[in-house]
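The following briefing goes through a structure topic by topic, beginning with the pairing of strands and moving on to cores, a helix and totals for the chain.

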Amino acid sequence: RAESRKMAMRAVVCLALVAGSAAFSVGGPATLAARGSSMKLRTTSARAAPVVARRSAPMALNMAFDMEAAIKESKDARLKFLEDQSMAALKIAAENHENVVFPNAMIAGDCVITDLLGRLGYLKNGKAKIMVVDTFHLFPETMVFLDEMEKHYGFKAEVFQAEGCADKDVFDKKFGADLWKVDIEQYDKVCKVEPFQRGLKTLTTDLMINGRRRDHGAERAYIDLFENAPIGGGLAKSNPLAYWTFEDCFDYIAKYKIPIHPLHAQGYPSHGDAKDTIKVPEDGSVKFVNYKFEGKSEVWLDYAAERKGRFVGLQNKDGSVKTECGIHVAGAEKTFERDLWESGKVKKMARADAEALLAAPKDTLVVTYAPWCQFCQGMEEELTTFAAGMSGVEVAAYRGDEDREFVQDKFQAKAFPTISFVSKDGKVTVMDAGSPEKRSVKSFTEFVNAQQLVAK
């Protein structure tokens, strides 16, 4: 009997489990139904067979669900939202400002912005102007690609270069072919920042469009679609791709099959100067060819990965790794309106004055400078004070950025500022003034006294 009772109990448990399972298939262990003033449990045992049939239909649907199609649909929806948002930002920029300028480097994001401006009609009607800085160190394909873009979208870019330089040969004679090796900050000023500032000023820019995005890295992680003009000088900015990713840019490029720089098909995720840009990875195994990726696209598309191949081997003067070209750092759009040493006892020399000094030398401290150079600007007051208190030695300043070959030859000036002492016997000696503390009244005095002592 005991055994019979155990078997009976097992049967009851099994029936309970079956009934509970059937109940869960329609929404719970049991459903309470109100009838009059009493609550009764609605049994599900009589419906067990139909319920099993109902469960099979959803399972069949799950098996047929296309996950890849759902992912594509969600990405398409995201891209459509970003497009609409960016075009709205560009409309606000163009319709509320007189002189909208887009400095265009023809990297992937800039190609997207160019296409958006083209779709809005702002390139053909001139509502937005395209500005390009030619550093004379770009890849040869870059300026060729610019010509293709101009023809495709129907605009003519405003191209700016190092001041007074019509081509690379003139640049090399004026500034030196190895300026970027001698002083990268000077190179950035001469080839990028000064032409950039001059371009914005020439075009009377009141709003600047650029392609900075949050996913570029920590230094850009909090930018928004718009930036007000800063107090103290600068421009209002529109960052229409602020919330895009690098992947979004290539999705847009593939969707509309827009013109893009040919270097993407050679393995470059981004491009700038040929001298410090490499493929990523260096074996060129990742490419974007015929609007499709070849290789592991995540190597390019990871957070802050776009510029991995840029500024390779370059360091700032403080030893930190270079991550910006100088154009997008704070205040880079400001222009330096005046020359240095416009008053005081520092004599400004023209070419004829410098040649006269060298022909009939006398004790003179000569500073070779460039007015846009932050180090020259930083020593202006110290040199003015030194000149005011100095007797027996003339203090002169010669603008060397407009006459590079001459100052290299005559005053041994390889960078700005260069401080040279011309003694009365014609000897030219260069002061070690590589740090700010060495560009002081005390240092100038010690240097001049030492040179006069040597002459005696």
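In this predicted model, β3 and β6 run parallel and are joined by two bridges. Within that pairing, the bridge partner of Val100 is Leu207 in β6. The strand β3 is also joined to β4, again in parallel, here by four bridges.

**Strand β3 and its surroundings**
- On the β4 side of the pairing, Phe102 of β3 stands opposite Ile130.
- Between these two strands the chain passes from β3 through α4 to β4, and the resulting β-α-β crossover is right-handed.
- Val100 and Phe102 point one way from β3, while Val101 and Pro103 point the other way, and all of them are buried.
- In a regular strand, side chains alternate between the two faces of the sheet.

**Nonpolar cores**
- The largest nonpolar core contains 44 residues, and those with the most contacts inside it are Val112, Leu117, Ile209, Trp244, Phe250, Ile253 and Trp300.
- At least two residues of this core come from each of α3 (67-95), β3 (100-103), α4 (108-120), β4 (128-133), α5 (140-153), β6 (207-209), α9 (246-256) and α10 (298-301).
- The helix α4 gives the most to this core, contributing seven residues.
- Another core, of 36 residues, lies apart from the largest one and includes Val190, Leu383, Val395 and Phe421.
- Once its neighbours within four places in sequence are left aside, Ile209 is in contact with Val100, Val101, Phe102 and Pro103, and also with Leu90, Ile113, Leu117, Ser238 and Pro240.

**Helix α13**
- In α13, which covers residues 404-411, the buried residues include Arg404, Phe406, Val407 and Phe411.
- These residues lie on the same side of α13 because they cover an arc of only 160° around the axis.
- Gln412, just after α13, takes a positive phi of about 55°.

**The protein as a whole**
- The protein has 14 helices and 15 strands, and 44% of its 456 residues count as buried.
- Among contacts in the protein with a separation of 6 or more, 72% are accounted for by residues 24 or more positions apart.
- The accessible surface of the protein comes to about 23,700 Å², and carbon and sulfur atoms hold 55% of that area.

Note on methods: Residues numbered from 1 in each chain as written. Predicted model: local features only at pLDDT ≥ 70, side-chain atom pairs only at ≥ 80, totals over all residues. Heavy atoms only, no water. Core = buried A, V, L, I, M, F, W, Y, C linked by side-chain atoms within 4.5 Å. Buried < 20%, exposed > 50% of the residue type's maximum accessible area, 1.4 Å probe, protein only. Contact = heavy atoms within 4.5 Å. Pairing = 2+ DSSP bridges. Right-handed = clockwise from strand over helix to strand, strands pointing away. Areas by Shrake-Rupley, 256 points an atom, 1.4 Å probe, with all protein chains shown as cover. Arc of directions from axis to C-beta.
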